[in-house]
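Here are a few exercises to work through with the model open. Try each task before you read its solution.

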Amino acid sequence: MAYPGYGGYGGPMQGMPMGGGPMGGGPMGGGPMGGGPMGGPPQAAYPQYGGGYPGTFAAPPQQPVNDPMWGYFTAIAGQDGEIDAEELQQCLTQSGISGTYAPFSLETCRIMIAMLDRDMTGKLGFTEFKELFAALNGWKQNFMMFDQDRSGTVEPHEMSQSINAMGYRISPQALNAVIKRYSKGGRIYFDDYVACAVKLRALTDNFRRRDQMQQGSVSFQYDDFIQCTMSI
(Lines give C-alpha, C1' and ligand atoms only; values in the text may rest on other atoms or scores of the structure.)
Protein backbone atom coordinates (compact mmCIF):
# COMPACT_ATOMS: atom_id res chain seq x y z
CA MET A 1 0.00 0.00 0.00
CA ALA A 2 1.39 3.38 -0.96
CA TYR A 3 1.24 6.36 1.37
CA PRO A 4 0.75 9.47 -0.76
CA GLY A 5 2.41 12.71 0.17
CA TYR A 6 5.55 14.70 -0.22
CA GLY A 7 7.59 17.30 1.58
CA GLY A 8 11.09 18.45 2.40
CA TYR A 9 13.70 17.22 4.86
CA GLY A 10 13.48 19.73 7.65
CA GLY A 11 11.44 22.00 5.40
CA PRO A 12 8.83 24.46 6.66
CA MET A 13 5.93 22.94 8.52
CA GLN A 14 2.57 24.65 8.82
CA GLY A 15 2.51 27.15 11.65
CA MET A 16 6.24 26.87 12.31
CA PRO A 17 8.47 29.96 12.04
CA MET A 18 11.61 29.51 9.99
CA GLY A 19 13.61 32.41 11.44
CA GLY A 20 16.79 31.89 13.41
CA GLY A 21 15.37 33.04 16.75
CA PRO A 22 14.46 29.72 18.37
CA MET A 23 17.93 28.33 17.85
CA GLY A 24 19.56 30.45 20.54
CA GLY A 25 22.92 29.28 21.88
CA GLY A 26 26.37 30.06 20.60
CA PRO A 27 27.75 31.62 17.46
CA MET A 28 26.04 29.17 15.13
CA GLY A 29 22.56 29.34 16.66
CA GLY A 30 20.23 31.91 15.19
CA GLY A 31 22.98 33.18 12.94
CA PRO A 32 23.31 33.16 9.18
CA MET A 33 21.89 29.65 8.93
CA GLY A 34 18.45 30.46 10.36
CA GLY A 35 15.87 29.41 7.80
CA GLY A 36 18.08 29.31 4.73
CA PRO A 37 17.36 26.99 1.84
CA MET A 38 15.41 24.68 4.13
CA GLY A 39 12.54 27.13 3.76
CA GLY A 40 12.36 26.70 -0.03
CA PRO A 41 9.68 24.72 -1.79
CA PRO A 42 10.22 20.96 -2.00
CA GLN A 43 11.53 19.68 -5.26
CA ALA A 44 10.16 16.67 -7.09
CA ALA A 45 9.14 14.08 -4.52
CA TYR A 46 8.03 10.51 -4.75
CA PRO A 47 4.36 10.18 -3.82
CA GLN A 48 4.93 6.56 -2.94
CA TYR A 49 7.16 7.27 0.03
CA GLY A 50 7.48 11.04 0.50
CA GLY A 51 10.52 12.84 1.82
CA GLY A 52 11.31 15.22 -1.04
CA TYR A 53 14.44 17.34 -0.98
CA PRO A 54 14.50 21.06 -0.32
CA GLY A 55 16.56 23.28 -2.56
CA THR A 56 20.22 22.40 -2.78
CA PHE A 57 23.07 24.70 -1.89
CA ALA A 58 24.74 26.78 -4.53
CA ALA A 59 28.42 26.35 -5.22
CA PRO A 60 30.60 27.84 -2.48
CA PRO A 61 31.88 31.36 -3.14
CA GLN A 62 35.31 31.85 -4.63
CA GLN A 63 36.44 33.48 -1.39
CA PRO A 64 34.72 31.56 1.44
CA VAL A 65 36.62 33.73 3.90
CA ASN A 66 33.78 36.22 3.35
CA ASP A 67 31.30 33.70 4.71
CA PRO A 68 30.50 34.26 8.43
CA MET A 69 30.89 30.52 9.07
CA TRP A 70 34.27 30.13 7.41
CA GLY A 71 36.39 31.21 10.34
CA TYR A 72 34.49 28.97 12.70
CA PHE A 73 34.83 26.01 10.33
CA THR A 74 38.59 26.44 9.86
CA ALA A 75 39.16 26.73 13.61
CA ILE A 76 37.51 23.34 14.12
CA ALA A 77 38.71 21.62 10.94
CA GLY A 78 42.41 22.14 11.49
CA GLN A 79 45.12 21.61 8.89
CA ASP A 80 43.31 18.99 6.82
CA GLY A 81 40.45 21.40 6.10
CA GLU A 82 37.74 18.85 6.97
CA ILE A 83 35.76 17.90 10.07
CA ASP A 84 35.65 14.34 11.40
CA ALA A 85 33.12 12.93 13.87
CA GLU A 86 35.02 13.97 17.01
CA GLU A 87 35.56 17.47 15.66
CA LEU A 88 31.91 17.70 14.65
CA GLN A 89 30.79 16.70 18.13
CA GLN A 90 33.02 19.43 19.60
CA CYS A 91 31.75 21.94 17.05
CA LEU A 92 28.07 21.22 17.66
CA THR A 93 28.53 21.33 21.43
CA GLN A 94 30.33 24.68 21.28
CA SER A 95 27.86 26.11 18.80
CA GLY A 96 24.92 25.72 21.17
CA ILE A 97 22.72 24.32 18.41
CA SER A 98 21.37 21.71 20.84
CA GLY A 99 20.18 24.50 23.12
CA THR A 100 18.89 23.02 26.37
CA TYR A 101 18.95 19.52 24.90
CA ALA A 102 21.80 17.10 25.60
CA PRO A 103 24.79 17.35 23.23
CA PHE A 104 24.91 15.00 20.28
CA SER A 105 26.53 11.63 20.85
CA LEU A 106 29.56 10.60 18.83
CA GLU A 107 27.48 7.96 17.03
CA THR A 108 24.94 10.56 15.90
CA CYS A 109 27.81 12.72 14.66
CA ARG A 110 29.13 9.77 12.67
CA ILE A 111 25.84 9.20 10.88
CA MET A 112 25.41 12.92 10.22
CA ILE A 113 28.76 12.85 8.42
CA ALA A 114 27.77 9.69 6.54
CA MET A 115 24.61 11.41 5.30
CA LEU A 116 26.60 14.13 3.50
CA ASP A 117 29.97 12.48 2.89
CA ARG A 118 29.68 12.31 -0.88
CA ASP A 119 33.42 11.86 -1.45
CA MET A 120 33.56 9.03 1.12
CA THR A 121 36.36 10.54 3.20
CA GLY A 122 34.57 10.11 6.52
CA LYS A 123 34.75 13.87 6.99
CA LEU A 124 32.86 17.04 6.05
CA GLY A 125 34.14 19.84 3.86
CA PHE A 126 32.89 23.40 4.23
CA THR A 127 29.91 23.12 1.87
CA GLU A 128 28.81 19.87 3.52
CA PHE A 129 29.27 21.50 6.93
CA LYS A 130 26.93 24.34 5.97
CA GLU A 131 24.39 21.92 4.54
CA LEU A 132 24.38 19.98 7.80
CA PHE A 133 23.69 23.10 9.85
CA ALA A 134 20.80 24.01 7.58
CA ALA A 135 19.31 20.54 8.05
CA LEU A 136 19.82 20.71 11.81
CA ASN A 137 18.04 24.06 11.94
CA GLY A 138 14.99 22.54 10.28
CA TRP A 139 15.02 19.37 12.36
CA LYS A 140 15.37 21.28 15.61
CA GLN A 141 12.47 23.57 14.81
CA ASN A 142 10.38 20.54 13.89
CA PHE A 143 11.31 18.86 17.19
CA MET A 144 10.53 22.00 19.20
CA MET A 145 7.13 22.25 17.57
CA PHE A 146 6.18 18.90 19.12
CA ASP A 147 8.24 19.20 22.32
CA GLN A 148 5.97 21.93 23.63
CA ASP A 149 6.74 21.26 27.30
CA ARG A 150 10.49 21.56 26.53
CA SER A 151 11.18 18.23 28.20
CA GLY A 152 13.75 17.35 25.56
CA THR A 153 11.63 14.43 24.38
CA VAL A 154 8.63 13.68 22.20
CA GLU A 155 6.12 10.89 22.66
CA PRO A 156 5.50 8.17 20.04
CA HIS A 157 2.33 9.76 18.67
CA GLU A 158 4.16 13.10 18.39
CA MET A 159 7.00 11.33 16.58
CA SER A 160 4.45 10.04 14.09
CA GLN A 161 3.18 13.58 13.49
CA SER A 162 6.74 14.86 13.21
CA ILE A 163 7.67 12.29 10.55
CA ASN A 164 4.56 13.24 8.59
CA ALA A 165 5.47 16.93 8.95
CA MET A 166 8.88 16.20 7.43
CA GLY A 167 7.10 14.83 4.38
CA TYR A 168 7.54 11.09 4.82
CA ARG A 169 4.67 8.69 4.25
CA ILE A 170 5.46 5.33 5.82
CA SER A 171 3.24 2.47 6.90
CA PRO A 172 2.13 2.01 10.53
CA GLN A 173 4.37 -1.06 10.67
CA ALA A 174 7.42 0.94 9.53
CA LEU A 175 6.54 3.74 11.95
CA ASN A 176 6.31 1.24 14.81
CA ALA A 177 9.78 -0.06 13.90
CA VAL A 178 11.16 3.50 13.93
CA ILE A 179 9.68 4.23 17.36
CA LYS A 180 10.99 0.96 18.83
CA ARG A 181 14.45 1.70 17.45
CA TYR A 182 14.77 5.29 18.66
CA SER A 183 12.71 5.52 21.86
CA LYS A 184 14.01 5.24 25.40
CA GLY A 185 11.49 4.61 28.15
CA GLY A 186 8.68 5.28 25.71
CA ARG A 187 10.00 8.70 24.63
CA ILE A 188 12.33 9.96 21.90
CA TYR A 189 15.16 12.29 22.90
CA PHE A 190 16.52 15.03 20.63
CA ASP A 191 19.76 13.19 19.89
CA ASP A 192 17.87 10.06 18.80
CA TYR A 193 15.37 12.17 16.90
CA VAL A 194 18.15 13.69 14.80
CA ALA A 195 19.70 10.25 14.26
CA CYS A 196 16.31 9.03 13.00
CA ALA A 197 15.89 12.05 10.71
CA VAL A 198 19.36 11.50 9.25
CA LYS A 199 18.69 7.84 8.51
CA LEU A 200 15.31 8.57 6.94
CA ARG A 201 16.87 11.16 4.68
CA ALA A 202 19.87 9.04 3.70
CA LEU A 203 17.95 5.83 3.05
CA THR A 204 15.25 7.65 1.10
CA ASP A 205 17.96 9.31 -0.99
CA ASN A 206 19.60 5.94 -1.72
CA PHE A 207 16.23 4.48 -2.64
CA ARG A 208 15.26 7.42 -4.84
CA ARG A 209 18.44 7.20 -6.89
CA ARG A 210 17.53 3.63 -7.81
CA ASP A 211 13.82 4.26 -8.37
CA GLN A 212 14.26 6.03 -11.68
CA MET A 213 10.69 5.24 -12.78
CA GLN A 214 9.26 6.71 -9.55
CA GLN A 215 7.27 3.56 -8.84
CA GLY A 216 8.07 3.18 -5.16
CA SER A 217 9.92 -0.12 -5.66
CA VAL A 218 13.47 -1.11 -6.62
CA SER A 219 15.63 -4.22 -6.84
CA PHE A 220 18.77 -4.35 -4.71
CA GLN A 221 21.76 -6.61 -5.08
CA TYR A 222 22.80 -7.98 -1.70
CA ASP A 223 26.12 -6.12 -1.58
CA ASP A 224 24.46 -2.88 -2.67
CA PHE A 225 21.85 -3.26 0.06
CA ILE A 226 24.55 -3.84 2.69
CA GLN A 227 26.49 -0.78 1.56
CA CYS A 228 23.38 1.44 1.66
CA THR A 229 22.27 0.36 5.11
CA MET A 230 25.62 -0.12 6.85
CA SER A 231 27.07 3.21 5.74
CA ILE A 232 24.50 5.15 7.80
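**Exercise 1.** List what F104 touches, and work out whether F104 is buried or exposed.

*Solution.* Start with contacts (heavy atoms within 4.5 Å). Skipping its neighbours within four places in sequence, F104 is in contact with Q89, L92, I97, S98, C109, M112, L136, F190, D191 and V194. Next, place the residue: F104 sits in the loop between helix 2 (85-95) and helix 3 (106-116). Helices here are DSSP runs of H or I, at least four residues, and strands are E runs of at least two, numbered from the N terminus. Now accessibility: F104 has 3% relative accessibility, so it counts as buried (under 20% relative accessible area; exposed is over 50%, partly exposed in between, with a 1.4 Å probe and protein chains only).

A note before going on: this is a predicted model, where local features need pLDDT of at least 70, side-chain atom pairs count only at pLDDT 80 or more, and totals for chains, interfaces and linings use all residues. Residues are numbered from 1 along each chain as its sequence is written, and side-chain values use heavy atoms, leaving out hydrogens and water.

**Exercise 2.** Find how far F104 is from Q89 in sequence and in space.

*Solution.* Along the sequence they are 15 residues apart; C-alpha to C-alpha, F104 and Q89 are 6.5 Å apart.

**Exercise 3.** Find which residues of helix 4 and helix 7 meet.

*Solution.* From helix 4 come E131, A135, L136, W139, K140, N142 and F143; from helix 7, F190, Y193, V194, A197, V198 and R201.
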